[in-house]
Amino acid sequence: MIRSGHARSLGVPGPEARLRFDTELQTIGGGPRRRLLMVDDEPAFELSFYCGTCPFLFRRLETATEKLSLESVQQRLTGALDDPGDGGVIEAFGALLPEGEYLPLLLSVEPRLVVPGRDGDYFSGEQVTTWGIDQFWGLPQYPHTPYYRTFETAVDADAHLYEFVVPMVAPTWNERARVEEYVALMEQGTVPTAVAISTLDVCQPAVALGDDPSAHWGMTHFLLDGHHKLEAAAAAGRPVRLLSLLALGESLAGADDTARLPSLRAQPRAARATGT
């Protein structure tokens, strides 16, 4: 944790926003409505279900094909921001977002690229320990995208914070030359800055299906800018700064929970001891 700003109003009216949150329309005889992250009016990600007892989730959908980088702030983001409000970055990206209250957080992250189903995958590891496997499919949840794990820490004895950075498109879509350019810059000491819109979803099973029925505080950073930077940092084992715009009204968390994030994010990194 580098610095937290004050919650502030950002965004444009919903129809003008390139990115927004939505709920899928109910169909006759259909299942529960999905909570969605939309980009250019297309469903990009399915998010954790509203009930708060279902497993935490981000799942990339077939129509997630767009990044949201802004050329106007690229030079400013090549290096490290020292304050969330530096250089008009918040205002620039705020013009892409729907009207709402956002908490700016400036974080230092050391990303680790994770492929679903392989070592370090939250969905087939910690989530199964709490919820067990999906009762219908007989499998863990599947996010349909590689993602980055960056941080975790204890909330209390019965709750744990897990942090993820999720690219809008798969890292395989990145330009190899740009990734290599950032690797070279980082090896020379440059610490670039990425930007994300973020949610905090607090989820806890209603019935003990796993070995550790704890609450999972899932903090998800959806990348607006920084796809090449995050891949380069993961490859080089280097840190990047992440300007997170936490969407307070779109998170499955109360005001008291989101107010704790700056102090939780300032704690030492710690894995959860199963069964505590």
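**Exercise 1. Helix H6 and its neighbours**

Which strands do the buried residues of H6 pack against? Work it out, and say how the buried and exposed residues are arranged on the helix.

*Solution.* Some ground rules before we start. We're working with a predicted model, where local features need pLDDT of at least 70 and side-chain atom pairs count only at pLDDT 80 or more, while totals for chains, interfaces and linings use all residues. Residues are numbered from 1 along each chain as its sequence is written, and side-chain values use heavy atoms, with hydrogens and water left out.

Step 1: find the helix. Helices (H or I, at least four residues) and strands (E, at least two) are DSSP runs numbered from the N terminus, and H6 covers residues 255–265.

Step 2: pick out the buried residues. Buried means under 20% relative accessible area, exposed means over 50%, and partly exposed is in between (1.4 Å probe, protein chains only). In H6 the buried ones are Thr258, Leu261, Leu264 and Arg265.

Step 3: look down the axis. The buried residues of H6 fall within an arc of 105°, so they line one face of the helix. That arc is taken from the directions from the helix axis to the C-beta atoms. Turned away from the buried side, the other face carries the exposed residues Ala255, Asp256 and Ala259.

Step 4: list the partners. Contact means heavy atoms within 4.5 Å. The buried residues of H6 pack against strands S7 (100–109), S9 (147–156), S10 (159–166), S11 (193–203), S12 (215–225) and S13 (240–247).

**Exercise 2. The nonpolar cores**

Find the residues that touch the most other members of the largest nonpolar core, then follow Phe93 outwards.

*Solution.* Step 1: set the rule. A nonpolar core is a set of buried Ala, Val, Leu, Ile, Met, Phe, Trp, Tyr and Cys residues joined through side-chain atoms within 4.5 Å.

Step 2: apply it. The largest core has 41 residues, and Leu19, Phe93, Phe222 and Leu224 touch the most other members.

Step 3: leave out residues up to four places away in sequence, and Phe93 touches Leu68, Leu70, Val73, Leu77, Val195, Leu224, Asp225 and Leu245.

Step 4: check for another core. There's a second, separate one of 29 residues, which includes Tyr182, Leu200, Ala233 and Leu264.

**Exercise 3. Two neighbours in S11, and helix H5**

Are Thr193 and Ala194 buried or exposed, and what do they touch?

*Solution.* Step 1: Thr193 is in strand S11, and Ala194 has its place there too.

Step 2: Thr193 is buried, at a relative accessible area of 0%; Ala194 is buried as well, at 0%.

Step 3: take the contacts, again not counting residues up to four places away in sequence. Thr193 touches Leu77, Gly79, Ala80, Leu81, Asp225, Lys229, Arg241 and Leu243. Ala194 touches Leu223, Asp225, Gly226, Leu230, Arg241, Leu242 and Leu243. Ala194 and Leu223 are 29 residues apart along the chain, with their C-alpha atoms separated by 7.4 Å.

Step 4: now for H5 (residues 227–236). In this helix 7 of the 10 residues are buried, so H5 is largely enclosed by the rest of the structure. The buried ones are His227, His228, Lys229, Leu230, Glu231, Ala232 and Ala233. Just after H5, Gly237 takes a positive phi of about 65°.

**Exercise 4. Positive phi outside glycine**

Describe the setting of Asp40 and His144.

*Solution.* Step 1: the background is that most residues other than glycine have a negative phi.

Step 2: Asp40, not a glycine, has a positive phi of about 50°. Asp40 sits in the loop between strand S4 (35–39) and strand S5 (42–47), and is partly exposed at 33% relative accessible area.

Step 3: His144 has a positive phi near 60°. His144 lies in the loop between helix H3 (126–131) and S9, and counts as partly exposed at 46% relative accessibility.

**Exercise 5. Arg112 and its contacts**

How far apart are Arg112 and Arg149 in sequence and in space?

*Solution.* Step 1: Arg112 is in strand S8 (residues 112–114) and is partly exposed, with a relative accessible area of 43%.

Step 2: Arg112 and Arg149 are 37 residues apart in sequence and 5.3 Å apart in space, C-alpha to C-alpha.

Step 3: not counting residues up to four places away in sequence, Arg112 touches Gly120, Tyr147, Tyr148 and Arg149.
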